[in-house]
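Colleague: I would like a close look at one part of this model. Please take it slowly and follow it outward to its surroundings.

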Amino acid sequence: MADARRLEQVLVNMVANAVKYTPAGGTIRTTVSQENGSIKFAVSDNGRGIPQEDLERVFEPFYRVPHQGTDRTPGTGLGLALAKSLVELHGGRIWAESEPQKGSTFYFTIPIEPRN
């Protein structure tokens with residue numbers, strides 16, 4: 001059981017971030033799989049990536065990864081914080097893996113409730 005509109009919002013926020021931080025001609029991939037009693041969603045890109053020290057902070061409200069140069073990427077830093085709250089309200093987990101200059105993958109899981 002899940003709120004489909006809220007899960008859609010989580011995916012939209014994750015894909016929107018991938019679009020923002022992936023250069024023209026880049027690649028964004030979404031996947032869904034089932035593992036360990038959960039549905040696992042992933043959004044991957046080959047954008048600029050996130051330094052290790054910032055990976056956990058990207059889920060904090062208003063936090064934006066500092067970038068060198070004249071970065072004018074729009075946003076408030078609320079999309080991933082909201083996504084985290086919605087995933088956790090569903091009993092799930094959200095996290096990211098990234099390598100600077102190679103891209104990022106954002107994941108979240110939602111537990112599957114057994115059908116009676």
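Which residues are buried in H2?

Modeller: A caution before the details: this is a predicted model. In H2, the buried residues are Leu80, Ala81, Ala83, Leu86 and Val87. Helices turn regularly: an α-helix has 3.6 residues a turn, so residues three or four places apart point the same way. The buried residues of H2 pack against three elements: helix H1 (4–21), strand S3 (93–99) and S4. Just after H2 comes Gly91, with a positive phi of about 80 degrees.

Now to S3. The charged end of Arg93 sits over the ring of Trp95, 3.9 Å from the ring centre.

S4 leads on to the aromatic rings. The structure holds three aromatic pairs. One of them is Phe41 with Phe108: ring centres 4.5 Å apart and planes at 10 degrees, so this pair is stacked. Phe41 belongs to strand S2 (residues 38–45) and Phe108 to strand S4 (residues 103–111), so the pair ties together parts 67 residues apart in sequence. Phe41 and Phe108 are both buried.

Another pair is Phe59 with Phe106. Their ring centres lie 6.1 Å apart and their planes at 70 degrees, so the pair is edge-to-face. Phe59 sits in the loop between S2 and helix H2 (79–89), while Phe106 is in strand S4, so this pair ties together parts that are 47 residues apart in sequence. Phe59 and Phe106 are both buried too.

Back to the start: S4 is one of the elements that the buried residues of H2 pack against.

How values were computed:
Residues are numbered from 1 along each chain as its sequence is written. This is a predicted model: local features need pLDDT of at least 70, side-chain atom pairs count only at pLDDT 80 or more; totals for chains, interfaces and linings use all residues. Side-chain values use heavy atoms; hydrogens and water are left out. Rings of Phe, Tyr and Trp (its six-membered ring) pair if their centres lie within 6.5 Å; planes under 30 degrees apart count as stacked, over 60 as edge-to-face and the rest as tilted. Helices (H or I, at least four residues) and strands (E, at least two) are DSSP runs, numbered from the N terminus. Buried means under 20% relative accessible area, exposed over 50%, partly exposed in between (1.4 Å probe, protein chains only). A charge sits over a ring if NZ of Lys or CZ of Arg is within 6 Å of the ring centre and within 35 degrees of the ring normal. Contact means heavy atoms within 4.5 Å.
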